[in-house]
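Hi,

Here is the structure I promised to pass on. Have a look at it first, and my notes follow underneath.

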Amino acid sequence: MGAFEIKEIMRLLPHRYPFLLVDKVVSCDGQSMIHAVKNVTVNEPIFTGHFPENPIFPGVLLLEAMAQAAGLLGFKITESSPGKNDLYLFAGVDNARFKRQVLPGDTLDLKVTFEKERRGIWVFKGRAEVAGELACSADIICARRET
């Protein structure tokens, strides 16, 4: 499957600015792994309040970025597209660890692997890295629900 750009990301994910946290997909095997990228820029709205004098990308948004990458991988694994009656939800996070601050100018490498699926509950392992250094890791749990 390889790489894909923002148009494909926006086709698959319902998120939009300022909450779309994946800029491109570098690689995706369509079965078990995805490597996506988020470019962190100083003009992101979150930095007006977190924190104006010392901007730090919030840890909760690192988790959300990994969850969005997991959602993209889920669509590629199932070879499906979002339906009008389908909603994919961030159902949980386990084992979250924050190892370094993410700052404006950093490029986040979001590396997510599929672990298992049971009765509509999907489990992924995620890593957010900056220049090869671990910023955050977590187990991401997602659920598909009909609306």
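Let me start with one residue that is easy to spot from outside: arginine 119 is exposed, with a relative accessible area of 74%. Before going further, please keep in mind that this is a predicted model. Arginine 119 sits in the loop between strand 4 and strand 5 (121-130), and its phi is near 50°, a positive value in a residue other than glycine. That caught my eye because most residues other than glycine have a negative phi.

Alanine 131 tells a similar story. Its phi is also near 50°, again positive in a residue that isn't glycine. You'll find alanine 131 in the loop between strand 5 and strand 6 (133-146), and it is exposed, at 77% relative accessible area.

Now for the sheet. Six strands make up an open sheet in the order 1-2-4-5-6-3, paired antiparallel. Which strands stand at the edges? Strand 1 and strand 3 (86-98) do, and each has a single partner strand, so one side of each has no neighbour in the sheet. From one strand to the next, the twist averages 25°.

Strand 2 (residues 33-39) is a good place to zoom in. This strand is mostly covered, with five of its seven residues buried. On one side, strand 2 pairs with strand 1 (residues 24-28) in the antiparallel sense, over four bridges. Strand 2 and strand 4 (residues 107-118) also run antiparallel, joined by seven bridges. If you want to follow the pairing residue by residue, take alanine 36 in strand 2: valine 25 stands opposite it, and its bridge partner in strand 4 is leucine 110. Methionine 33 has threonine 113 as its bridge partner in strand 4. The hairpin of strand 1 and strand 2 has four residues between the strands, and there glycine 30 takes a positive phi near 75°.

Valine 25 deserves a closer look too. Its place is in strand 1, and it is buried, with a relative accessible area of 2%. Leaving out residues up to four places away in sequence, valine 25 touches Gly2, Ala3, Phe4, Ile9, Ile34, His35, Ala36 and Leu72. Phenylalanine 4, one of those contacts, has a lysine for company: lysine 76 lies over the face of its ring, 4.7 Å from the ring centre.

Another buried residue is glutamine 68, with a relative accessible area of 1%. Glutamine 68 belongs to helix 2 (residues 59-78). Apart from its neighbours within four places in sequence, it is in contact with Leu13, His15, Phe19, Leu20, Leu21 and Val22.

On to the aromatics. How many aromatic pairs does a search of the whole structure find? There are four. In one of them, the ring centres of phenylalanine 114 and tryptophan 122 are 5.2 Å apart and the planes are at 55°, so this pair is tilted. Tryptophan 122 also pairs with phenylalanine 124: here the centres are 6.1 Å apart and the planes at 10°, so the pair is stacked. Together, Phe114, Trp122 and Phe124 form one aromatic cluster. Tryptophan 122 and phenylalanine 124 are both buried, while phenylalanine 114 is partly exposed, at 23% relative accessible area.

What about disulfides? The search of the whole structure turns up zero. Why is cysteine 28 not bonded to cysteine 142? Its sulfur is 14 Å from that of cysteine 142, the closest cysteine sulfur, and that is too far for a bond. Cysteine 136 is in no disulfide either; the nearest cysteine sulfur, again that of cysteine 142, is 14 Å away. Both are tucked in: cysteine 28 is buried at 4% relative accessible area, and cysteine 136 counts as buried at 0% relative accessibility.

Last, two peptide bonds to check on screen. Most peptide bonds are trans, but the one joining tyrosine 17 and proline 18 is cis, with omega about 5°. Proline 18 is in the loop between helix 1 (6-12) and strand 1. A cis peptide bond also joins histidine 50 and phenylalanine 51, with omega about -15°, and phenylalanine 51 is found in the loop between strand 2 and helix 2.

Cheers

How values were computed: Residues are numbered from 1 along each chain as its sequence is written. This is a predicted model: local features need pLDDT of at least 70, side-chain atom pairs count only at pLDDT 80 or more; totals for chains, interfaces and linings use all residues. Side-chain values use heavy atoms; hydrogens and water are left out. Rings of Phe, Tyr and Trp (its six-membered ring) pair if their centres lie within 6.5 Å; planes under 30 degrees apart count as stacked, over 60 as edge-to-face and the rest as tilted. Buried means under 20% relative accessible area, exposed over 50%, partly exposed in between (1.4 Å probe, protein chains only). A charge sits over a ring if NZ of Lys or CZ of Arg is within 6 Å of the ring centre and within 35 degrees of the ring normal. Two strands pair if DSSP finds at least two bridges between them. Axes are lines fitted to C-alpha atoms, for helices over the stretch in contact, and angles run from 0 to 180 degrees between N-to-C directions. Contact means heavy atoms within 4.5 Å. A disulfide is a pair of cysteine sulfur atoms within 2.5 Å.
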